[in-house]
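Please work through the exercises below with the sequence and the coordinates at hand, trying each task before reading its solution.

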Amino acid sequence: AMLEDATNHFWQNLDGINLILTLPVPEGPPLLTDGTTGFQHRLAPWTVLGGPLLSLPWGMDHRSLPCAIMLAARPGHDRWLLDIAAQLEAQAPTIPAPQMPL
């Protein structure tokens, strides 16, 4: 009940807003040498809020690594989010194909 109340409160405070566009992480992927899988603490609140989430590749960072944007929608708006993502994907910056190390 507490989680459901928090989710309802969050979206009620965003009355009229059905989509949030944000960064899933503060920068591109972590370096293999840092021993982590990235910034999961940035994703956890969105997962808890129960709405659908989607990340799209969106250009390159200052290290020439791929970046992404994240879309968060209201609970139950899964299909709508996929439709919006398809429209945005058509406008996404081109990302070069990865090169295998020698």
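The exercises that follow concern a predicted model, and they treat its sheet, a hairpin, a packed helix and the salt bridges.

**Exercise 1. Determine the strand order of the open sheet and the sense of its pairing.**

Step 1. Three strands make up the open sheet, and reading across it gives the order β1-β3-β2, with antiparallel pairing.

Step 2. The edges are formed by β1 (19–22) and β2 (53–60), each of which pairs on one side only.

Step 3. On average, and with direction ignored, neighbouring strands of this sheet are turned by 25° against each other.

**Exercise 2. Describe how β2 and β3 pair, and examine the hairpin that they form.**

Step 1. Strand β3 covers residues 66–73, and its antiparallel pairing with β2 extends over six bridges.

Step 2. One bridge can be located by residue, since Met-60 has Pro-66 in β3 as its bridge partner.

Step 3. Between the two strands the hairpin has five residues, and in this hairpin Ser-64 adopts a positive phi near 65°.

**Exercise 3. Find which strands α3 touches and what angle its direction makes with that of β2.**

Step 1. Helix α3, which spans residues 78–89, packs on the sheet and touches β1, β2 and β3.

Step 2. The direction of α3 makes about 10° with that of β2.

**Exercise 4. How many salt bridges does a search of the whole structure find, and how exposed are Asp-61, Arg-63, Asp-83 and Arg-79?**

Step 1. The principle is that side chains of opposite charge can pair when their charged atoms come close. A search of the whole structure finds two salt bridges.

Step 2. Asp-61 and Arg-63 form a salt bridge in which the closest N and O atoms are 3.2 Å apart. Asp-61 has 12% relative accessibility and therefore counts as buried, the cut-off for that class being under 20%, whereas Arg-63, with a relative accessible area of 26%, is partly exposed.

Step 3. Asp-83 and Arg-79 form a salt bridge whose closest N and O atoms lie 3.4 Å apart. Both residues belong to helix α3, where they are four residues apart, about one turn of the helix.

Step 4. Asp-83 is partly exposed because its relative accessibility is 35%, while Arg-79 reaches 57% and so counts as exposed, a class that begins over 50%.

Methods. Residues are numbered from 1 along each chain as its sequence is written. This is a predicted model: local features need pLDDT of at least 70, side-chain atom pairs count only at pLDDT 80 or more; totals for chains, interfaces and linings use all residues. Side-chain values use heavy atoms; hydrogens and water are left out. A salt bridge is a side-chain nitrogen of Lys or Arg within 4 Å of a carboxyl oxygen of Asp or Glu. Buried means under 20% relative accessible area, exposed over 50%, partly exposed in between (1.4 Å probe, protein chains only). Two strands pair if DSSP finds at least two bridges between them. Axes are lines fitted to C-alpha atoms, for helices over the stretch in contact, and angles run from 0 to 180 degrees between N-to-C directions. Contact means heavy atoms within 4.5 Å.
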